[in-house]
Amino acid sequence: MGCRQSIAYCPNCEAKRKRWETLQPRYLEKGVKEVNQFREGICNRKAKLMYSTHYFSNLNDREYMVEDVEKALLYGRVVERNKLVNESIVSYVLLYFSKNKPLHVVVDRLDNENYLLTTVYNPLAHSWKWNETFDKRICFCDSKH
Ligand SMILES: [Zn+2]
């Protein structure tokens, strides 16, 4: 991996990052409760989780197993909660370590009973976006500067 630049924040998305830092703690608190409801719902078979085709292609291309993803869904830590454009869908990023390799799983809550597993990725693939523990987004740009 080499050494990573420590907390020299990206100047190109500073306003966005600051806004995010203000809002995210509250969103996260909600997200933790909601993800617990999701887990209960799945265990009680009251909620359904659908898998996007995007997820399957990610799984084929990348280095994770279905079990890694399932563990992340059950035990992963909520590191981000976002409302999507139409405001009714909420999206969560869960962090899990599979044999010390970080894994982010993105789940969308479509409504109280329906969820969509959107994607799975290694945050190291976009390491500039994340802090060293992969639990906090520090850059919102699509490419590294
Ligand atoms: Zn940036």
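User: Let's start with F134: is F134 buried or exposed?

Analyst: With 21 C-beta neighbours inside 10 Å, F134 counts as buried. The cut-off is 20 or more other C-beta atoms within 10 Å. Keep in mind that we're reading a predicted model. F134 sits in the segment after β5, and its phi is positive, about 60°, although the residue is not a glycine.

User: Which other residue that is not a glycine has a positive phi of about 60°?

Analyst: That's R45. You'll find R45 in the loop between α1 (14–43) and β1 (48–51). R45 is exposed, with 7 other C-beta atoms within 10 Å. There's also K99, which takes a positive phi near 45° in the hairpin of β3 and β4.

User: Let me zoom out. How many helices and strands does the chain have, and what pattern do they follow?

Analyst: You get 3 helices and 5 strands, and along the sequence they read α-β-α-α-β-β-β-β. The radius of gyration is 15 Å, close to the 15 Å that the globule rule gives for 145 residues, so the chain is as compact as a globular protein of that length. Along the principal axes, the C-alpha atoms fill a box of roughly 45 × 30 × 25 Å. Of the 145 residues, 22% count as buried. For contacts between residues at least 6 apart in sequence, 53% join residues at least 24 apart.

User: What order do the strands take in the sheet?

Analyst: Don't expect sequence numbering to give it to you. The open sheet of 5 strands goes β1-β5-β4-β3-β2, with mixed pairing. β1 and β2 stand at the edges with a single partner strand each, so one side of each has no neighbour in the sheet. From one strand to the next, the twist averages 30°.

User: In which sense does each pair run, parallel or antiparallel?

Analyst: Go pair by pair and pick a register marker for each:
- β1 and β5 are parallel over 4 bridges, with K48 opposite N114 in β5.
- β3 (90–98) and β4 (101–109) are antiparallel over 9 bridges, with L95 opposite H104 in β4. Their hairpin has 2 residues between the strands.
- β4 and β5 (114–121) are antiparallel over 6 bridges, and V107 has L117 in β5 as its bridge partner. A hairpin of 4 residues joins β4 to β5.

User: Now the helices. How do I work out which side of a helix faces inward?

Analyst: An α-helix has 3.6 residues a turn, so residues three or four places apart point the same way. Try that on α3 (residues 66–75), where the buried residues are D68, V69, A72 and L73. They cover an arc of only 135° around the axis, which puts them on the same side of α3. On the other side, V66, E67, E70, L74 and Y75 are exposed.

User: What do the buried residues of α3 pack against?

Analyst: They pack against β3, β4 and β5. The helix lies across those strands, running at about 120° to β3. Compare α1, which lies across β1, β2, β3, β4 and β5 and runs at about 105° to β2.

User: How many C-beta neighbours does E67 have on α3?

Analyst: E67 has 9 other C-beta atoms within 10 Å, so E67 is exposed. For scale, E67 and D135 are 68 residues apart in sequence and 21 Å apart in space, C-alpha to C-alpha.

User: Last one: how do I read the core? Which residues touch the most other members?

Analyst: The background is that in soluble globular proteins, nonpolar side chains tend to be buried together. Here the largest nonpolar core has 21 residues, and A72, Y92, L94, Y96, V105 and V107 touch the most other members. At least two residues each come from α1, α3, β2 (77–83), β3, β4 and β5. β3 gives the most, with 5 residues.

User: And which residues does Y92 touch?

Analyst: Leaving out residues up to four places away in sequence, Y92 touches G31, V35, V78, E80, R81 and V107. V107 is one to click on next, as it is also among the core residues that touch the most other members and is bridged to L117 in β5.

Notes. Residues numbered from 1 in each chain as written. Predicted model: local features only at pLDDT ≥ 70, side-chain atom pairs only at ≥ 80, totals over all residues. Buried ≥ 20, exposed ≤ 12 C-beta atoms within 10 Å, placed from the backbone. Arc of directions from axis to C-beta. Contact = placed C-beta atoms within 7 Å. Core = buried A, V, L, I, M, F, W, Y, C linked by C-beta atoms within 7 Å. Pairing = 2+ DSSP bridges. Axes fitted to C-alpha atoms, helices over the stretch in contact; angles between N-to-C directions. Rg over C-alpha atoms; globule rule 2.2 N^0.38 Å.
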